[in-house]
Amino acid sequence: MKTVGPATGSAAPVRLTSYARGGGCACKIPPGELEAMVAGLLPPPSPGQTPSPGQALDGDEDRLLVGLDDGDDAAVVRTGDGTAVVSTADFFTPVVDDARDWGRIAAANALSDVYAMGGRPLVGLNLLGWPRDVLPAELAGEVLAGALDVARAAGCLVGGGHSIDSPEPLYGMAVTGLVDPDRLLRNDAGRPGVPLTLTKPLGVGILNNRHKRTGEVFAHAVAVMAALNDKASAAALEAGAVCATDVTGFGLLGHLHKLARASRVTAVVDAAAVPVLDGARESLRAGYVSGGTRRNLDWVRPHLDAGRAGEDQLQLLADAQTSGGLLVAGEIPGHPVIGELVPAVAGATLVIR
């Protein structure tokens, strides 16, 4: 996609990533800061009372099955007819320069929150911020078209949305889905003795950072990010899993820390078993590490027994993913087991071996 420069009239490629400070899920607010922001939204329970999962209305605590408590992937509300509604929203700045690919990736990323809860998406609403005096509207149309392609592949309707004039391009979706309330995948249901499975390789954050800085295109990384987590979710349910999350901006270590903390267990990671995209290790050694990845690692360090893992290996495990795979407490055929959950170890939710 090209635009015409106003001064010279010459055609020049539009590099969407150059219009944003961050890129993809690496532009998330750091996890520690985010937890501090929402801490006051959860009132302390009365003595002897079980905490409610978020800000439920009085008398409706049993309807809000998943809320703010443990930072799960989506909210889940029981409807009363044997089903439950899954609701989520996700958006970010450009992670690649190709507008249609960005739309595809952002849609797959938003839909992933529903799959991570064991649900199926029904309808998505576009969330678009566009610097309309800087970037052509045609590019925004390409973003929306790419998202529609992925939503259709997921069997998810797209019903409008909301747009604003913003200084940076932003795109994502609010997605509503359905889930069986008795077959939820949630991040607080992990138990000792259960293996951990990861369904997509790590490294997209590193390769995206290299793409932003150099313009090099990594088609295999785009393919991984644009791939849906629908089959992985179905396989997890088929295997009887009850605990899962998806791996996005807080990296494998960040999301696994949240899962282990919520489940009151410790997660042991076999670093050698973690799948990694081609070119990611070399790009890491060349210095293509995002600020989001460094913040992820700083956040989990107080809870991490790193063993003999070096700094490069830790940065890879903390790499800020965009539209990453599912991290499932359970063994999923066709995907690598990368560790296990064990009884809680004092002072460590994460152990690297």
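**Exercises on a predicted model**

Serine 323 is found in the loop between helix H10 (311-317) and strand E13 (326-329). The structure is a predicted model.

**Exercise 1.** Determine whether serine 323 is buried or exposed, and state what sign its phi has.

*Solution.* Buried means under 20% relative accessible area. The relative accessible area of serine 323 is 1%, so this residue is buried. Its phi is near 50°, a positive value in a residue other than glycine. Most residues other than glycine have a negative phi.

**Exercise 2.** Carry out the analysis of Exercise 1 for arginine 264, and locate this residue.

*Solution.* Arginine 264 lies in the loop between H7 and strand E11 (265-269). Its phi is positive, about 60°, although it is not a glycine. Exposed means over 50% relative accessible area. With a relative accessible area of 69%, arginine 264 is therefore exposed.

**Exercise 3.** Check the length of helix H7 (residues 251-263) against the expected span, and decide how far H7 is enclosed.

*Solution.* The expected span is 1.5 Å times one less than the number of residues. For the 13 residues of H7 this gives 18 Å, and the end C-alpha atoms are 18 Å apart, so the two values agree. Twelve of the 13 residues are buried, and H7 is therefore largely enclosed by the rest of the structure. Among these buried residues are Gly251, His255, Lys258 and Ser263.

**Exercise 4.** Identify the residues that touch the most other members of the largest nonpolar core.

*Solution.* This core has 47 residues; those with the most contacts to other members are Leu16, Val76, Trp102, Ile105, Trp130, Tyr171 and Met173. Helix H2 (99-116) is one of the elements that each supply at least two residues. H2 gives the most, with ten residues.

Key:
Residues numbered from 1 in each chain as written. Predicted model: local features only at pLDDT ≥ 70, side-chain atom pairs only at ≥ 80, totals over all residues. Heavy atoms only, no water. Core = buried A, V, L, I, M, F, W, Y, C linked by side-chain atoms within 4.5 Å. Buried < 20%, exposed > 50% of the residue type's maximum accessible area, 1.4 Å probe, protein only. Helix = DSSP H or I, 4+ residues; strand = E, 2+ residues; numbered from the N terminus.
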